[in-house]
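Biologist: Before we begin, I should like to go through this model with you by question and answer.

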Amino acid sequence: MDLFDYMREQNMESESPLASRLRPTTLDEVVGQQHIIGKDKLLYRAIKADKLRSIIFYGPPGTGKTTIAKVIANTTSAEFMQINATSAGKKDMEDVIAKAKDNQGMYGKKTILFIDEIHRFNKGQQDYLLPFVEDGTIVLIGATTENPYFEVNGALLSRSVIFELKKLTKEDIQVLLQRAVTDTEKGMGSYHAVIEPDAMDFLADVANGDARAALIAIELGILTTERSEDGLIHITLEVASECIQKRVISYDKSGDNHYDTVSAFIKSMRGSDPDAAIYYLARMLYAGEDIKFIARRIMICAAEDVGLADPNALTVAVSAAQAVERIGMPESQIILAEAVNYVACAPKSNASYMAVNRAMQVVKDTKTPPIPTHLQDSHYKSAGKLGHGIGYQYAHDYPNHYVKQQYLPDGLTDQKFYEPTEIGYEKDIRAHFKRIKEE
């Protein structure tokens with residue numbers, strides 16, 4: 001390294017973005033991801049013992065994949081090398097392998113190769129690494145935002161341990177923001193800034209688990225905000241909103257406005273107003289509402305308010321709920337919008353909802369009568385001696401696969417729980433029952 005290289009590295013270290021400067025150097029400084037780097041976890045023990053094997057980190061942006069890799073670099077006695085799959089070519093990999101072979105042959109030293117965005121490598125590039133992972137020439141650490149089971153070769157996967165990183169919690173982001181504002185060595189403590197509680201809460205919330213987004217916003221806020229008369233830089237809610245380019249809207253996830261918005265959302269779908277339903281969906285998404293929570297409300301509305309007037313509504317809602325868990329934001333807003341529009345536009349019936357409510361009330365208010373003998377199970381030993389199943393009429397033996405017999409217990413035979421409406425598919429259900437009973 002010559003003088004110019006040294007000066008360039010020094011300048012990059014001091015002038016690099018806050019998110020980069022604030023990266024921890026030890027495991028104990030890492031915020032979040034305790035499910036994989038807690039002190040009793042496999043990865044923590046492997047890093048501490050310097051016995052790491054090939055691994056792949058998988059998770060959303062800003063959750064610490066590169067951070068943990070850097071911690072490993074600071075902890076291990078092995079040679080640590082890094083390439084980015086978006087720009088690296090075969091020549092770069094050949095240089096790494098040549099250096100790794102020298103380390104192994106001349107010094108008996110392991111080489112750890114960190115490949116960021118490994119899913120960007122094509123099959124041929126991934127195949128090139130395989131024999132060197134296999135024989136221990138390199139210990140591979142891959143990082144990807146895409147599902148490795150779809151994007152990484154099965155042969156590499158079988159030789160690696162997959163660690164899934166979760167979105168950082170709101171509390172995790174708050175810890176990092178406080179560290180950024182007060183740390184005088186790596187952070188911006190020398191600027192003498194203070195962040196107001198509501199601004200801290202807002203940034204931690206809208207960052208949606210992405211530490212990098214929150215740190216970029218706080219750095220921008222401190223660098224661009226003038227000092228107040230007290231000599232301090234005050235990061236207010238207004239400043240925080242400007243820095244992350246997101247307008248603050250009145251939406252407290254634990255307050256009245258949250259429940260009011262959810263209520264309006266449900267009632268708009270129930271009331272067959274797709275425009276209003278989509279509007280309230282957008283308000284919730286903009287405010288950072290949990291997409292799984294929204295999906296659950298859509299499923300409930302499909303069952304409670306659409307019911308058998310359109311049985312496909314629940315199928316659409318459940319499919320949407322599964323899809324948003326796999327895909328995440330921002331694409332999930334399209335999936336949720338499709339489900340909301342379907343449920344809002346579907347014919348409505350609460351007959352199933354009312355049926356189970358009536359039945360639950362009857363069960364609650366009456367003694368539990370015995371099940372009619374002819375409906376009781378006749379398959380177990382001694383059931384025949386007790387008369388179980390005797391007199392049961394098998395519906396498929398009769399025209400229209402229907403036969404009139406007693407199904408409800410004695411004393412409840414006059415009860416009517418499910419009363420299909422004349423709406424949507426329930427109209428067909430009513431007609432079907434009328435036809436088979438008359439014939």
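**Salt bridges, domains, cysteines and a cavity**

Modeller: Asp 201 has a relative accessible area of 33%, so this residue counts as partly exposed. The model is a predicted one.

Biologist: Which residue forms a salt bridge with Asp 201?

Modeller: The closest N and O atoms of the pair are 2.6 Å apart, and a salt bridge requires such atoms within 4 Å. The pair links distant parts of the chain, with Asp 201 in helix α11 (residues 197-206) and its partner in helix α10 (residues 170-182), 31 residues apart. The partner is partly exposed because its relative accessibility is 28%. The residue that forms the salt bridge with Asp 201 is Lys 170.

Biologist: Which residue forms a salt bridge with Glu 304?

Modeller: Glu 304 belongs to helix α16 (residues 291-306), and its partner to helix α14 (residues 256-270), 34 residues apart. Glu 304 has a relative accessible area of 22% and is therefore partly exposed, while the partner is partly exposed at 36%. With the closest N and O atoms 3.8 Å apart, the salt bridge of Glu 304 is formed with Arg 270.

Biologist: Which residue meets Glu 79 in a salt bridge at 3.9 Å, N to O?

Modeller: Glu 79 lies in strand β2 and the partner in the loop between α6 (90-107) and β3, so the pair ties together parts that are 30 residues apart in sequence. The partner counts as partly exposed because its relative accessibility is 34%. The side chain that meets Glu 79 is that of Lys 109.

Biologist: Which residue is linked with Glu 79 and Lys 109 in a network of salt bridges?

Modeller: A search of the whole structure finds 14 salt bridges. Glu 79 and Lys 109 are linked in a network of these contacts, and the further member is Lys 99.

Biologist: How far apart do the C-alpha centres of domain 1 and domain 3 lie?

Modeller: The domain assignment gives domain 1 (33-164), domain 2 (170-243), domain 3 (256-348) and domain 4 (364-438). Between domain 1 and domain 3, the C-alpha centres lie apart by 40 Å.

Biologist: How many disulfides does a search of the whole structure find?

Modeller: The closest cysteine sulfur to that of Cys 301 is in Cys 345, at 12 Å, which is too far for a bond, since a disulfide needs the sulfur atoms within 2.5 Å. Cys 301 is buried, with a relative accessible area of 1%, whereas Cys 345 is exposed at 54%. The number of disulfides found is zero.

Biologist: Which residues of helix α5 are buried?

Modeller: Helix α5 spans residues 65-75. Its buried residues are covered by elements including α3 (34-37), α4 (42-48), β1 (55-58), β2 (79-84), β3 (111-116) and β4 (139-144). The buried residues of α5 are Lys 65, Thr 66, Thr 67, Ile 68, Ala 69, Val 71 and Ile 72.

Biologist: What is the volume of the largest cavity?

Modeller: The count comes to one cavity of 30 Å³ or more. Its lining consists of Ile 47, Asp 50, Leu 52, Ile 72, Thr 75, Thr 76 and Ile 112. One of these, Ile 72, is also among the buried residues of helix α5. The volume of the largest cavity is about 40 Å³.

Definitions and conventions:
Residues numbered from 1 in each chain as written. Predicted model: local features only at pLDDT ≥ 70, side-chain atom pairs only at ≥ 80, totals over all residues. Heavy atoms only, no water. Buried < 20%, exposed > 50% of the residue type's maximum accessible area, 1.4 Å probe, protein only. Helix = DSSP H or I, 4+ residues; strand = E, 2+ residues; numbered from the N terminus. Contact = heavy atoms within 4.5 Å. Domains from an automatic or database assignment. 1 Å grid on protein atoms, 1.4 Å probe; cavity = no way out; pocket = protein on both sides within 12 Å on 5 of 7 lines; lining within 4 Å. Points joined across faces, edges and corners; volume = space filled by probe spheres on them.
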